[in-house]
Structure formats: structure tokens, C-alpha cells
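The following exercises concern one molecular structure, shown below. Each task is followed by a solution that goes step by step.

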Amino acid sequence: MTPFTPPTQDQLLAIRVNAGIEELAASEKFAHAENDLVEAIVDGVGQFAAGEFAPLNRIGDLEGAKLENGVVRLPDGFKEAYQGYVEQGWNSIGSSTDFGGQGLPFTLACNVLENLGAANMAFNLLPMLSVGAVEALEHHGSETQQAMYLPDLISGKWSGTMNLTEPAAGSDVGALRSTAEPITEGEHAGKYKIKGQKIYITWGDHTLAENIIHLVLARLPGAPEGTRGISLFVVPKYHVNADGSLGSHNDLRPVSLEHKLGINASPTCVMSYGDNDTCIGELVGAENRGLMAMFTMMNNARINVGNQGVQIGERATQQAIAYACERVQSARAGSPDKTPVAIIEHPDVRRMVLRMKALTEGARALLYYCAGQVDRGTLGESDAGTRAEILVPLLKAWGTDVGVEVSGIGVQIHGGMGFVEETGAAQHWRDSRIAPIYEGTNGIQAADLVTRKLSMEGGEAMLALFADIARDSSSEPALAALAQDCAGIAQWMRDGASLDDQLAGSVPFCTMASVAVAGWQMLKQSEAVAAGAAPALAATKPVTTRFFLDRIVPEAAGLKASATAGAEDLYTLSPEALAG
């Protein structure tokens, strides 16, 4: 596996052009995000990721996490790298200064995760989940809970998890059966006894952090069925004393680790709560409003999972290019010189390399545009907050699809050497494949786009996005036409299509909308480079943008028929006939 080189210049361009970091720094809240600090953060975390996280990527895949005598252990080097991450303050970038955070824009927190995840996607899931736990407690925790848990979660001294899924409750979270019984007397009066089993809990147990703060969905006695009867509880691995010191081990344990396709260094745990009826948790927020609180964490996680598509795309692209430059095979077709050349000279390999670069850069542009809108929403710009909500399913779904496609192309460029494990190219594809499933599958993201997000402001919020793209793309007819097609589909779905028809066309529509936004943001990057921004990218950015606009945008436009085909042909066959 080739070393990781941080794509610092492309990241800085996206942060400046797509997120608009200078505008954010003009606000009082983000005044510290000045250019010198931004450059220091992007360069610093890139170097840290390359030096500390990246060397553990291959060993993490080969050795993986192991459950030994009830304790999850990681390969040598992980604990030291995590301690370095905490000591350098990378976990605290975007968190509130009230609890020890640095109070910088979410945009910069995204960059921290992008670099760490490109270096080591499996390891990066640990801080990613902790950031989500911080978000949930900042918005929904009591003052006491915030004071008790947030400082050490923000520093990274403690880590956090999200516990939704159960054996009989996957995407249908409302089917969960974990329980929470109120405690009315004794030292834990006012708290709850938690009982149940959760599956697929990312970094559910480990020894890298001193404590693990589990956020667990469960039902109170007499709670309504379905999602209306779910409450959220904070359940620490170790009890926390009033003075902040750690007490005894809570009644929870990892039962087993999943044997997965990829991300082997990320312990995906089956967690059991209350085997001895002494698992203690605290209610977060109001009774039966747990799913709302958890969705705060999940929304954050969906952005960060979309970021994973960028991460794995970047790493796979770097590896594929290195191999293509080294692998010599055959003369270039049509050349009078019959001397074998590096395969990067061959037209189809060039096509694949450019596709990898264009898709990854497009996903990165979408990531930072979304992050910038989140930051503007935090500053009170309601239109930006609404736009961010529309962008989240685009980023999560298309961004992770990009990660899978790009890492798959990387295997193809390696040829037979990509299909064997020695090169490490296969690991990138294996690692990438979980992201379209995480935090609501990509089909669920598309469904969210055409139902909840399309209905925002009566559909006008989404139509305004496509109008902005069309307005700014007058010099690019294909991109403007794609935006106009997206607007037409959105209007058809809003005004005349049945729910089945909307859902049947949701995935192709989501892809069309994502490519339209990404192409728009890449166009902005290219215009900025032409005006003198990022001289280091003056040669490459126009080429990758041109490839995106000339090849990827027309592909997306070709999905219009599928987006509007309706659901009738999907139900022509009975389930029995379809299966037979």
C-alpha cells in the first residue's frame, strides 16, 4: 500500500471557494478562523494523519480488532496514535468553547476527519462517532449531563457511540425492544435500568479511550409503539462520580465482534446491556423524544459518512496513480515507438485516472459546500440551514457511491494485482462498501430527498437550489440543462406523482441532483483558479472540471427517464413470480 499524501491544496481551495471560509471568519462566532490558522490546521492535521494514522491502515486490516476475555483490543500502535490525536487537540476543533472546544467552523472539523479517514478509514470511525455524541449532548443533554460528559468527550479522552440497531430493528428503528425501567430509590434514583442487546455498534468497546459514552435508544414502560415511543439514554462504560472521576464498570459488555468485508480495525460490536439487571443510564431530553435527539447525531454522522466517500476516493486514487506510473506494459497504441510504456500513457487508463480524480474532487466540493451551509445555519442564516438539510442526503448517498466507484476503478487499474491482497488496492474497495449502508442506506437517503426534503417550504427550497445552479451555469449548457431537468422532476414529484412513483425515481433523481451541485461547485473552483487562486492547481483543476462537466454531467442527465418512469413496472410481477 502506497503512503498517503494529504491533498492540502485541493482541500484549501474547497474550504475557501465552496465553504466560503473567509465569509465565515467575518462573523464574531468564527472570527478566529483566519487564513493563517486555516492553513495551519489543514496542513497540520494532514501531516499528522500521514505520519500517525496512515502507517496503521494496512496492519489494522490484516490483524483487525480482537475480543479477548471480554475486552476489545487493537493492534500495536493504535493506542499511541490515538493519544497523539487527543494531545494535539484535533478532536476539539469544532466543539463549543464552553466545554473546552476550539469553537471553529464545522468546515474545519470536516477537514480533520477527511484527512484522518483518507489515512485510515477504519480508525477514523472512532473520532467520527465521538463528534456525533458531542453534537447530540450539546443540543439535547441537560446542563448537568453536559458538564459531566462533554469536556472529556470533546477532548477525546472519552469516546462516544450511537446504539440504534437491534437484531429485529434495522432501518425500522421503531421495532426496537430495549427497555428502560425508572429507578425510584437508592443511589441511582431518578435514573433508569437499561436492558437489551444492540448490534453493529461501531467502536462499541476498546481500550484507547478511558471511558466510552454510549447513547442508547430504549423504551420506557407503557411507551407508545413505533418511533413515537423511543427515548434516548446516556450509558457510560464506567460510572462517572460527581467529581468527574471514574467509578465502577457499568453492567454492559461486548458479546462478540462482527466479521466484516472491510474496516477490520473498527470493532463492530454486539453489545449487551443489563445482563445482571444493573445497567444504569440517564434520560437525555424528553421521554419518548429519543429519535429526535438521536437524529441530531445521525444528521451529523450522515455528513461525515458522505465525507468517507471523499476519503476513500482520495486514498484509492493516489494508490492507483502510483501504480499506473510504475507499471510498464505495452507500447502506446498508435505510437511509432514500440517501446513499452507505463500504463498511465494508455488512453483507457488515462480515462480511469481522470474519472477517479474528477469524481473525488466533485465529492469534495459538495462536502465543503454542505459544511459551509451548516456553518451559516449555525450563524442564524435560516436559508442556509434549509439548504444544508437538502444537501445532506445528496452528500451521503452520492458521496459514498463515489467512494465505491472510485475504489473499484482503482482495483481495475491494478489489474490482476488489484484482485490480490498484496497491493492493498482491494482493501480500499472493501472498506468503501460499508459507507452506502451506514446511517440509513442510500435508498433511504434518496427517499428522504423526495419526501421530507422536497416538501420543505412547499418545494420552493429545492427549486431555489436548482435555479441557483442554472443561473451560474450560463457558460455550461449541459450543466444548466441538468439543473433545469432536476427542477422539472422535482415539480413533477411534488405536484402529480404518487408516493410510489416518487420513491421509484428517487435514486436516479438523487444522483442527478448531486452531480448538478457538485458540477456547479467544481465550476466555481475552476473559475477561482483561473482568477489566480491556488496556483498549484492551475494545470490540473481546469482538466478535472472539464472532465466532470463533459462526461459525468451528461451521464447524470441520462437518468431523467429512469427518475420519471414511475413505479408501475416495478410491480408488474408478484413477489412469487419475481423470485421465480
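**Exercise 1. Determine whether helix H1 is enclosed or open to the surroundings.**

Solution. Step 1: seven of the ten residues of H1 are buried, so this helix is largely enclosed by the rest of the structure. Here, buried means under 20% relative accessible area, exposed over 50%, and partly exposed in between (1.4 Å probe, protein chains only). Helices (H or I, at least four residues) and strands (E, at least two) are DSSP runs, numbered from the N terminus. The model is predicted: local features need pLDDT of at least 70 and side-chain atom pairs count only at pLDDT 80 or more, while totals for chains, interfaces and linings use all residues. Residues are numbered from 1 along each chain as its sequence is written, and side-chain values use heavy atoms, with hydrogens and water left out.

Step 2: the buried residues of H1 are Thr8, Asp10, Gln11, Leu12, Leu13, Ala14 and Ile15.

Step 3: these buried residues pack against helix H2 (21–25), helix H3 (35–53), helix H6 (106–119), H10, helix H18 (506–530) and helix H19 (541–557). Contact means heavy atoms within 4.5 Å.

**Exercise 2. State which elements line the second largest pocket.**

Solution. Step 1: the volume of the second largest pocket is about 430 Å³. On a 1 Å grid over the protein atoms alone, a pocket is an open set of points where a 1.4 Å probe fits, with protein on both sides within 12 Å along at least five of seven lines; lining residues have an atom within 4 Å of a point. Grid points are joined across faces, edges and corners, and a volume is the space filled by probe spheres set on the points.

Step 2: 20 residues line this pocket, and Thr5, Pro7, Glu314, Gln318 and Lys357 are the closest to its centre.

Step 3: two or more lining residues come from each of helix H1 (8–17), helix H9 (290–326) and helix H10 (347–378).

**Exercise 3. Describe how tyrosine 192 and phenylalanine 233 are arranged.**

Solution. Step 1: the structure holds eleven aromatic pairs. Rings of Phe, Tyr and Trp (its six-membered ring) pair if their centres lie within 6.5 Å; planes under 30 degrees apart count as stacked, over 60 as edge-to-face and the rest as tilted.

Step 2: tyrosine 192 and phenylalanine 233 form an edge-to-face pair, with 5.1 Å from centre to centre and 65° between the planes.

Step 3: the pair links distant parts of the chain, 41 residues apart, with tyrosine 192 in strand S5 (residues 192–202) and phenylalanine 233 in strand S7 (residues 231–236).

Step 4: tyrosine 192 counts as buried because its relative accessibility is 9%. Phenylalanine 233 is also buried, at 0%.

**Exercise 4. Locate serine 272 and identify its contacts.**

Solution. Step 1: serine 272 belongs to strand S11 (residues 268–273). Its relative accessible area is 6%, so serine 272 is buried.

Step 2: the side chains of serine 272 and aspartate 275 are joined by a polar contact of 2.5 Å. Such a contact is a pair of N or O atoms within 3.5 Å; within protein, one must be able to donate a hydrogen and the other to accept it, and residues adjacent in sequence count only if both atoms are side-chain atoms.

Step 3: beyond neighbours within four places in sequence, serine 272 is in contact with Gly196, Asp251, Leu252, Arg253 and Val255.
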